[in-house]
Each structure stands twice: as structure tokens, then as C-alpha cells.
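Thank you for making time this morning. I would like to walk through one structure with you, going from the whole chains to their domains and then to the places where the parts touch.

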Amino acid sequence: MEMSKTSPSTATKISSFVLMIIFVTLALSLTALILAINAFSYGNDVAAGYLLLIGFLGVALSTYVLFQTRRRILGLRIEMPAITTTVECRKCGFKSVREFQRGDYIFKETEPCQKCNDKMLITAIYREVKEKGREKYPP
Amino acid sequence: MNITAVMEALQNQIMQEPFGEYSWIFNLLFYVVFIVFIFYGQRIQMYVMLREVEGSLYKLKYIKDEGRKTAIETIKEIGKPQTDPTVRVDRFLEYFTIPPQSLDPAGVVWKLEHILDTRDVRFKDEVKLMAPAADKTQADNLENTLGVAMALNYIYKVIRHFYLLGKKTLSLYIIMQIQMILPLVMREAEAYASALKAFAYGQPIGDGAGALVAAKIMHGHETRKISKDNVVASVPIEGRTAYVIKAEGPGGNVGKIGDAVKTIIDENEGKIASIIMIDAAMKLEGEEVGEVAEGIGAIIGGPGVDQFKIEESILKYRIPINAVAIKEDIGDNVSPMRKEIFDAVDKSIERIKQVILERTKEGDKVIIVGVGNTTGIGQ
């Protein structure tokens, strides 16, 4: 059973129409940049400057929209955290940590111990959260 | 021709005569924008707010649909129904409960209890019909999964209502009030979203911290059923007898703690030296997850019936009541238990022992109540 996978849905797909507009803008912007280089070579500095400006603006805008769309889609997904189960042998103290399996619960007797063959007990089920950096606040 | 020369040419053009003879167009444009913002500024702001609510509504819809899908999949997987449960699940998600009339508040608790009991029986029957092959633990977890899906459905519908109402009336105040509380609503919805899988798989959740404390204390001792969905074990602690109460696990249960406490007090004819309750409590921003705090009073959430019953029972015999709280936020409360909360359980047990030593004498009887949803926690 996969616990840490994200669930796909139609809501998590980027609209092909939006993608098309982004890529058309990107293509036009790149064309403007190429034309700007051409204009330089012909000595038309002013036209080259404007084309350069338009090209860079277009590239920046389409890249921004693309990343924003991706960020929105990623924000929609429900991340399932990895849950660990700790199994312990009360007799010999042997301890093992594994991924959570459906049916696990705290104080459930499970498979025999690998060392002493006594029944093992689930002693902990939890998830570990990695803090994204502590926020600063007055003490 | 190098870049510096081009930049210089551009700069000269802009500095000398920006946009040449067409500069009046830009001046005019500036004034038009200025006037538009004077008259339509609020409306633009409203559209921005509506857009923000719309974005959150998309997310809420996605979460709500995931909830419904998870519930249906879990029912199919565990319950092995003969027919497709989708229609029944959809009907279940629209269930509502009408709280009793409180114009005359006398006796409202008992009326509320009756309504809640009726709802509980109805839910259990529905789950049995939807998932005939599920055992008690699985049925309890399924009931919780459906409860979460129902809550998500309700949140989505309320936000959608205000969004559409705001769009229809174009009232800034309708839109503003929903936009202002949106971050908190989204936080709650996201917390419920993570609770879905926890209940579906039967994982312990943050709310179960109190139940886990009781489970750890009573583990290895004989338990007996007491009142509806509760268990009690008599455990010797520091020369005292502790009656440890928790909801019966590992299914998703909160039990009727109020009835259980009353039964133990009555069985002992009120000769209880102290009651110690442990529950997960909402932390304030800035507090650490898993912080343990101590206080006085019946620490128990829910609609208030159990708190009322406990307070009534202790008042009769003047029994002192102590509370131990394990701090966590709304997200941690309904999502799979964090390690910090799990570690706080042992600290809470130490606090309980300290309270027992300080507040009672040897030979006394005490009641320890572990409050919370006991999904994924045995005894």
C-alpha cells in the first residue's frame, strides 16, 4: 500500500489552452529576441532595443505564468505523510521500525520476534514532520 | 555593435523625448487610469477578492471530491457491498442535525444528548448497510471517514454559498467577510483532508493523545466495558488505585466519557480523591507542538454533554478535578499523530503521577480519564 503518493485528478492537470497561450507567447518572445539580434547587425539600434525589451518581457511573463500555474496545481494536491510503525519485543527488547500497514494499531500483537520468537507488540505509530524553518517571534 | 552602445541609444531616446510625439497618449492613459480607480477602485478590489475566494473554492472542491472518493473506495474495499454504495454515500454526505431549541434552556443538555444518540445510531446503521462485511473497528473508522467527508462537503457548500451570493449581489461586505475568514477555513479543510486517510487506514490521530495516555497506563491490566464504547481498568499507581478510562479502541471512537465517570463515581459511592483528565488542546501560535500544560476543570471537547455530566457528577460529591493538556494545532489534531505529540504522552504520564503524589494519599482512589478519538489505539 502506497501511503506517501499524491492522488491524481482532473483538477491537478494544467489546461491545454492555457499551456498553448503560454508557449505561443514564449515562441513570439524568442522570435522578438532573434529579430533584435538581426536589427543589431543591420545597425538599427532603436528597433533592436525595443525588440529586445519586448522579447525579454514576453519571456519573463510567460515563464512567470507557467511557474504560477504549476504552483497552483501543486498547492491543490493533498500530500500524504509517511507514517512509521514501531514494533517491539517485550521479552528480548528487539525493535524494528517499518512503514505503516492497514490494520496496525498501538498495542496490537504482531508477527513473532526474529530473535526470540516471542510475539511482538506495536508500541508506536506516528509521522515525523520536518519543520520548514522556525519563524521568528518575540520571546 | 555592443550592448553598451545599444543601452546608451535607448537611454538617450527615453531621456530626450520619451515616446516622441505620442507622449500625450501616455499622459491621457495615466489620467484615465487615475479616474477609473477613483470611481471603480472598490469594485476592482471586490473582483480581486472574488478571484481569491474562487481560487480557494477550487481547492475546497478538490478536497471535498477527494473525501467522497476516499469514502467510497474504503467502503468498497472493506465493506464488500453487493451494490454500488455511491448513491448512499452521496445521500449520507447531505445529512444534517438540528440542535434542540434553547429558548427555555432547562434540560437542553438531555435533549441534545438524545439528538446526538439518535444521530449516532442512524450513522452506525447506515455504515452497516453500506459496508456489511466491516467488523466493529472498521465500521467505526468508516463512520469517522464519512464524518470527515461530510464536514468537507459542508465547508465547500458554505463557502460556495457566500461566493455566489457575493457575485450575485456584488456586495463588498458579503465577499469581505468570507475572504477574511478564508485562511482559517482553508486550514481547517486541509486538516480534514489529512484526516481522511488517517481514518480510512485506522491511524492514530493527534486528538488521540489523551486516549493514548490512558492506553499506556492501562496496558497489561484487565479491562472491562463501561457505559457505551468505553473501557476501564483498575491500575495500582504509587499505592493508590487508579480507575483508568478511555474510549474502546482501536476503532475510531470517543465514547461517552461522562457516563463512564459517573458510573465509576457511583460504584465507589463518591469516594474518589481526585479526577485527572488528559486531552489534546488547541495551542496558540508560538507555542510548541506537544507542550504539556496542567490546569483545573473538565478538559473535554465536543458538544458539551460529557463535560456537563462530569461537572454534575463531581459537584455531587465535591470531587477535585485536574486537567493535563497536550498542545497541538487544528492541523495536528485530526491528522496522523506527530512524533512530538507521541513523545508528549510519556511526559503527561509523569505529570499525572506527580499530581497523584501531591494531591492524594496512599490508599486513595483516583480516576484517570484519557479523552480523545481512539482510532488506531488499542488498550
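**Two chains and their contacts**

In chain A, residues 24 or more positions apart account for 53% of the contacts with a separation of 6 or more, and in chain B the corresponding share is 79%. Before I go on, please keep in mind that this is a predicted model, and that what I say about it is computed from that model.

Let me stay with chain A for a moment. Its secondary structure comes to two helices and four strands, and, if you read along the sequence, the order is α-α-β-β-β-β. Of its 139 residues, 17% are buried. The domain assignment gives a domain 1 that covers 10-76 and a domain 2 that covers 83-127, and the centres of these two domains of chain A, taken over C-alpha atoms, are separated by 55 Å.

Now to chain B, where we find 11 helices and seven strands, and where buried residues make up 42% of the 379 residues. How does the radius of gyration of chain B stand against that of a compact globule of 379 residues? For such a globule one would have a value near 21 Å, whereas chain B has 28 Å. The C-alpha trace of chain B, followed along its principal axes, spans about 100 × 55 × 50 Å.

Chain B is also divided into two domains, with domain 1 running over 47-201 and domain 2 over 206-370, and their C-alpha centres lie 28 Å apart. Where these two domains of chain B meet, 19 residues come from domain 1 and 13 residues from domain 2. On the domain 1 side of that contact, at least two residues each are supplied by α4 (108-130), α5 (136-169) and α6 (172-201) of chain B, and it is α6(B) that gives the most, with nine residues. Sorted by class, this side of domain 1 of chain B has eight nonpolar, four polar and seven charged residues.

Two of the helices I have just named also touch each other, and I would like to look at that pair in detail. The axes of α4(B) and α5(B) come within 10 Å and cross at roughly 110 degrees, which means that α4(B) is roughly perpendicular to α5(B). From α4(B), the residues Phe123(B), Lys124(B), Val127(B) and Lys128(B) meet Ala139(B), Leu142(B), Glu143(B) and Leu146(B) of α5(B). By class, this contact of α4(B) with α5(B) has five nonpolar and three charged residues, and no polar ones.

That leaves the contact between the two chains, to which chain B contributes 31 residues and chain A contributes 27 residues. Which elements of chain B supply at least two residues each to the side that touches chain A? They are α1 (3-16), α2 (23-79), α6, α7 (209-218) and α11 (339-359) of chain B, and the largest share, five residues, comes from α2(B). If we sort the side of chain B that touches chain A by class, there are 17 nonpolar, nine polar and five charged residues.

One helix deserves a second mention before I stop, and that is α6(B), which supplies residues to the side of domain 1 of chain B that touches domain 2 of chain B and also to the side of chain B that touches chain A.

Terms used: Residues are numbered from 1 along each chain as its sequence is written. Chains are lettered from A and ligands numbered from 1 in the order in which they are written. This is a predicted model: local features need pLDDT of at least 70, side-chain atom pairs count only at pLDDT 80 or more; totals for chains, interfaces and linings use all residues. Domain bounds come from an automatic or database domain assignment. Two residues are in contact if their C-beta atoms, placed from the backbone, lie within 7 Å. Ala, Val, Leu, Ile, Met, Phe, Trp, Tyr, Cys and Pro count as nonpolar, Asp, Glu, Lys and Arg as charged, and the others, Gly among them, as polar. Axes are lines fitted to C-alpha atoms, for helices over the stretch in contact, and angles run from 0 to 180 degrees between N-to-C directions. Angles under 35 degrees count as roughly parallel, over 145 as roughly antiparallel, 65 to 115 as roughly perpendicular and the rest as oblique. The radius of gyration is taken over C-alpha atoms; the globule rule is 2.2 Å times the number of residues to the power 0.38. A residue is buried if 20 or more other C-beta atoms lie within 10 Å of its own, exposed if 12 or fewer, and partly exposed in between; C-beta atoms are placed from the backbone.
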